[in-house]
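Subject: A structure for you to explore

Hi there,

Here is the structure I promised to pass on to you. Have a look at it first, and then read on for what I found in it.

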Amino acid sequence: MVRAVNAAEIAPTTYGAEISANRLMVRTGKRMAVNGLDLSLGKGVHGLLGPNGAGKTTMMRALATVLRPAGGELMLLGQRIDSRTDMRQVRRDIGYLPQEFGFYPRFTVREFVEYMAWLKEMPARDVPGAVQRVVERVGLADRADDRMKTLSGGMLRRAGIAQAIVNDPQILLLDEPTVGLDPEQRLAFRALLRDVGRDTCVLVSTHLVEDVVAACTDVLLVDQGQMVFQGAPSDLEVWGAEGTGDSPAERGYSALLQRHRAQAGGAR
Ligand SMILES: Nc1ncnc2c1ncn2[C@@H]1O[C@H](COP(=O)(O)OP(=O)(O)OP(=O)(O)O)[C@@H](O)[C@H]1O
């Protein structure tokens with residue numbers, strides 16, 4: 001099949017990684033919740049792990065351009081993000097599912113996703129087809145014309161995932177997307193992640209270590225606003241001999257955290 005391509009699709013990519021951060025600092029309230037984070041992420045599915053309060057949500061919000069960096073450097077799709085950046089351009093290429101997202105309860109699923117597509121400035125002629133495709137992809141085709149307020153928690157999250165991918169983003173940020181999904185939907189979601197991650201830079205935060213092992217090409221572990229570990233899921237498992245948990249990856253997770261805290265304590 002031959003299809004027409006637009007100039008943007010064949011333009012050379014001039015950056016090395018979709019997301020890169022150098023000594024990144026991000027403030028939330030009075031706290032520097034991201035505190036000297038180094039990061040380089042290309043295409044693929046990157047699983048973001050870390051204990052409560054580690055700074056995952058704050059990091060996601062900065063990558064989604066909701067929060068501005070307080071220090072260090074952040075580059076998204078080759079653009080430096082600072083107070084002078086025109087965010088509209090870069091936001092068109094980002095998909096973001098926040099941990100909690102707002103919606104008009106009287107909107108149908110289709111209206112909700114259409115509205116988000118409009119906010120992302122998608123060409124109007126592309127919207128109906130794109131919305132139908134993503135609603136099918138998240139398994140909500142039979143609820144597309146039901147109001148948001150009638151959906152279950154897991155279905156709402158799937159509607160949230162649909163709006164995050166409707167614009168075929170180059171960077172996809174998903175903050176705890178599997179919360180509330182039933183086992184069958186979690187399996188379907190993992191398959192969706194693997195599929196999207198083939199040509200997109202996906203960062204997905206979760207507390208479910210087994211989701212990371214099953215669906216991610218790469219694991220990031222953060223604690224106290226800093227990167228503790230980055231590697232393949234199998235590398236995480238290698239650390240498992242020393243930690244506690246139900247699986248080799250969970251044991252690796254706890255061993256790496258303990259080691260980081262012992263080092264941080266020793267350095268004080
Ligand atoms: N609005 C806020 N005002 C003040 N402090 C905040 C605010 N939001 C988060 N924090 C603090 O910043 C730190 C990082 O929080 P963040 O929500 O980024 O962590 P997280 O890794 O996403 O945690 P969780 O796994 O619980 O979602 C925590 O110490 C938290 O208490």
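The protein chain has a mean pLDDT of 90, and 94% of its residues reach 70 or more. Please keep in mind that this is a predicted model. For the complex, the predictor gives an ipTM of 0.94 and a pTM of 0.91. One general caution for your reading: where pLDDT is low, the predicted coordinates should not be read in detail.

Let's start with the ligand. Which residues are around the ligand? They are Thr28, Gly29, Arg31, Ala33, Gly50, Asn52, Gly53, Ala54, Gly55, Lys56, Thr57 and Thr58. Two elements give two or more residues to this shell, namely β2 (31–41) and α2 (56–63). The largest share, three residues, comes from α2. Sorted by class, the shell has eight polar, two charged and two nonpolar residues.

Since α2 gives so much to look at, stay with it for a moment. Is α2 mostly covered or mostly open? Mostly covered: seven of its eight residues are buried. The buried ones are Lys56, Thr58, Met59, Met60, Arg61, Ala62 and Leu63. Lys56 and Thr58 also appear in the list of residues around the ligand. As you trace the helix, this may help: an α-helix has 3.6 residues a turn, so residues three or four places apart point the same way. Just after α2 comes threonine 65, which takes a positive phi of about 65°.

Next, the sheets. One open sheet is formed by six strands in the order β6-β7-β8-β3-β9-β10, with mixed pairing. Its edge strands, β6 (94–97) and β10 (226–231), each pair on one side only. From one strand to the next, the twist averages 15°. Within this sheet, β3 (residues 44–49) and β8 (residues 201–205) pair in the parallel sense over five bridges. If you would like a place to begin, find glycine 44, whose bridge partner in β8 is cysteine 201.

Two helices that pack on this sheet are worth finding. α2 touches β3, β7 (171–175), β8 and β9 (218–223), and its direction makes about 150° with that of β7. Helix α6 (residues 153–165) touches β6 and β7, and its direction makes about 165° with that of β6.

There is also an open sheet of four strands, in the order β2-β1-β4-β5, and here the pairing is antiparallel. The edge strands are β2 and β5, each of which pairs on one side only. Strand β1 (residues 19–28) and strand β4 (residues 71–76) pair over five bridges. Along that pair, alanine 21 stands opposite leucine 74, and asparagine 22 stands opposite glutamate 73. As a general point while you look at the strands, side chains in a regular strand alternate between the two faces of the sheet.

β4 also pairs with strand β5 (residues 79–80), in the antiparallel sense and over two bridges. There, leucine 76 stands opposite glutamine 79. The hairpin of β4 and β5 has two residues between the strands. Leucine 77 lies in the loop between them, and its phi is positive, about 50°, although it is not a glycine. Is leucine 77 buried, exposed or partly exposed? It counts as partly exposed because it has 19 C-beta neighbours inside 10 Å, while a buried residue needs 20 or more.

Glutamate 121 is another residue other than glycine with a positive phi, near 60°. You will find it in the loop between α4 and α5 (127–137). With 12 C-beta neighbours inside 10 Å, glutamate 121 counts as exposed, because the cut-off for exposed is 12 or fewer.

Last, go to proline 105, in the loop between β6 and α4 (109–119). Why is proline 105 exposed? Because 11 other C-beta atoms lie within 10 Å, and 12 or fewer counts as exposed. Proline 105 still has contacts further along the chain: leaving aside residues up to four places away in sequence, it touches Arg147, Met148 and Lys149. Proline 105 and leucine 151 are 46 residues apart in sequence, and their C-alpha atoms are 9.6 Å apart in space.

Enjoy exploring, and write back with any questions!

Best wishes

Notes. Residues numbered from 1 in each chain as written. Predicted model: local features only at pLDDT ≥ 70, side-chain atom pairs only at ≥ 80, totals over all residues. Near = placed C-beta within 6 Å. Nonpolar A, V, L, I, M, F, W, Y, C, P; charged D, E, K, R; others polar. Pairing = 2+ DSSP bridges. Axes fitted to C-alpha atoms, helices over the stretch in contact; angles between N-to-C directions. Contact = placed C-beta atoms within 7 Å. pLDDT = per-residue confidence, 0-100.
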